[in-house]
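Hi everyone, thanks for making time for this. I'd like to walk you through one structure today, so let's put it up on the screen.

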Amino acid sequence: MELRTIQSKIYEIRGFRVILDKDLAEMYEVTTSNLNKAVKRNINRFPEDFMFQLTKEEFNLIFQNGISSWGGTRKPSYAFTEHGVAMLAGLLNSEKAISVNIQIVRAFVAMRQYLLNSTPSPLLKELKDRIEALEDITEENEEKFDEIYLALAQLAQKNKQNNKLRNPIGFVKPQ
């Protein structure tokens with residue numbers, strides 16, 4: 001199976017790169033039902049960061065093509081992260097499953113390497129420039145705040161001296 005084919009089935013959902021159960025089943029040449037049964041028999045191997053069930057909204061974002069509410073399925077799809085796919089390798093022990101799993105892991109690794117080695121996007125460069133500009137402004141402001149603090153301290157001292165020289169205001173009891 002080609003890396004591009006596998007990569008086209010990888011989605012980003014909830015901050016994770018995932019492959020849906022139906023796509024995995026197709027690659028492993030098993031039914032989605034059998035794949036999910038194997039997972040349910042070993043559910044303790046699949047914490048939330050390995051596998052999670054899609055909400056209706058998430059599913060509709062992926063498949064915006066007017067199929068029935070869950071794309072012809074009765075239950076929402078499961079999404080498997082890279083770690084979840086690796087965990088599946090221990091459950092599905094056929095030759096086909098092993099070779100497909102190796103290709104899937106390679107696809108995830110290739111995507112990660114591409115993201116790490118790619119040039120920074122203009123948005124990231126802009127954010128970096130803005131942060132540097134804020135740091136410069138902060139240094140300038142610190143100097144200005146020091147001057148303001150010194151001026152306020154001098155005014156407070158002068159105000160104290162002026163208060164001592166004044167006659168007290170208010171009722172004075174005759175003696």
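Before anything else, one term: a residue is called buried when its relative accessible area is under 20%, exposed when that value is over 50%, and partly exposed in between. Keep that in your head, as we'll use it a lot. And please remember that what you see is a predicted model.

With that term in hand, how much of the chain counts as buried? Of the 175 residues of the protein chain, the answer is 25%.

Okay, the overall layout. The chain has seven helices and four strands. If you read along the sequence, the order goes α-β-β-α-α-β-α-β-α-α-α. Now take the contacts in the chain with a separation of 6 or more: 69% of them are accounted for by residues 24 or more positions apart.

Here's one pair to find on the screen. Y11 sits in strand 1, which covers residues 10-13. Along the chain, Y11 and T81 are 70 residues apart, yet their C-alpha atoms are separated by 9.6 Å. Is Y11 buried, exposed or something in between? Its relative accessible area is 23%, so Y11 is partly exposed.

Let's move on to helix 2. This helix is mostly covered, with six of its eight residues buried. The buried ones are D21, D23, L24, A25, M27 and Y28.

So what does helix 2 pack against? One partner is helix 3. Helix 2 runs over residues 21-28 and helix 3 over residues 32-41, and their axes are 8 Å apart, at an angle of about 105°. How do we put that angle into words? Anything from 65 to 115 degrees counts as roughly perpendicular, and therefore helix 2 and helix 3 are roughly perpendicular to each other.

Which residues actually meet there? From helix 2 we have D21, K22, L24, A25 and Y28, and on the helix 3 side T32, L35 and N36. Sorted by class, that contact has four nonpolar, two polar and two charged residues.

Now look at the loop between helix 2 and helix 3, because E29 is placed there. A bit of background first: most residues other than glycine have a negative phi. E29 is not a glycine, and still has a positive phi of about 60°. At 60% relative accessibility, E29 counts as exposed.

There's another one like that. R14 is in the loop between strand 1 and strand 2. R14 is not a glycine either, and its phi is positive, at about 55°. With 39% relative accessibility, though, R14 counts as partly exposed.

Next stop, a pair of residues in two helices. N101 belongs to helix 6, and M87 is found in helix 5. How far apart are M87 and N101? In sequence they are 14 residues apart, and in space they are 9.8 Å apart, C-alpha to C-alpha.

What about their surroundings? N101 has a relative accessible area of 6%, so it's buried. If you leave aside neighbours within four places in sequence, N101 is in contact with Y28, V85, A86, L88 and A89. Y28 should ring a bell: we met it as one of the buried residues of helix 2. M87, on the other hand, counts as partly exposed, at 25% relative accessibility. Not counting residues up to four places away in sequence, M87 touches R45, F46 and F50.

Last topic: a pocket. I've picked the second largest pocket, which has a volume of about 200 Å³. Which residues line it? Going along the chain, you'll find E12, G15, F16, R17, D49, T81, E82, H83, F108, M111, R112 and L115. You'll recognise T81 in that lining, since T81 was the partner of Y11 in the pair we looked at earlier.

Where does the lining come from? Strand 2 (16-20), helix 5 (82-91) and helix 6 (95-117) each supply at least two residues. Helix 6 gives the most, with four residues. And by class, the lining of this pocket has four nonpolar, three polar and five charged residues.

That's my tour. If you want to keep exploring, go back to helix 2 and rotate the view until you can see its contact with helix 3, where L24 and A25 are among the residues taking part. Thanks for listening!

How values were computed. Residues are numbered from 1 along each chain as its sequence is written. This is a predicted model: local features need pLDDT of at least 70, side-chain atom pairs count only at pLDDT 80 or more; totals for chains, interfaces and linings use all residues. Side-chain values use heavy atoms; hydrogens and water are left out. Axes are lines fitted to C-alpha atoms, for helices over the stretch in contact, and angles run from 0 to 180 degrees between N-to-C directions. Angles under 35 degrees count as roughly parallel, over 145 as roughly antiparallel, 65 to 115 as roughly perpendicular and the rest as oblique. Contact means heavy atoms within 4.5 Å. Ala, Val, Leu, Ile, Met, Phe, Trp, Tyr, Cys and Pro count as nonpolar, Asp, Glu, Lys and Arg as charged, and the others, Gly among them, as polar. On a 1 Å grid over the protein atoms alone, a cavity is a set of points where a 1.4 Å probe fits but cannot get out, and a pocket is an open set with protein on both sides within 12 Å along at least five of seven lines; lining residues have an atom within 4 Å of a point. Grid points are joined across faces, edges and corners, and a volume is the space filled by probe spheres set on the points. Buried means under 20% relative accessible area, exposed over 50%, partly exposed in between (1.4 Å probe, protein chains only).
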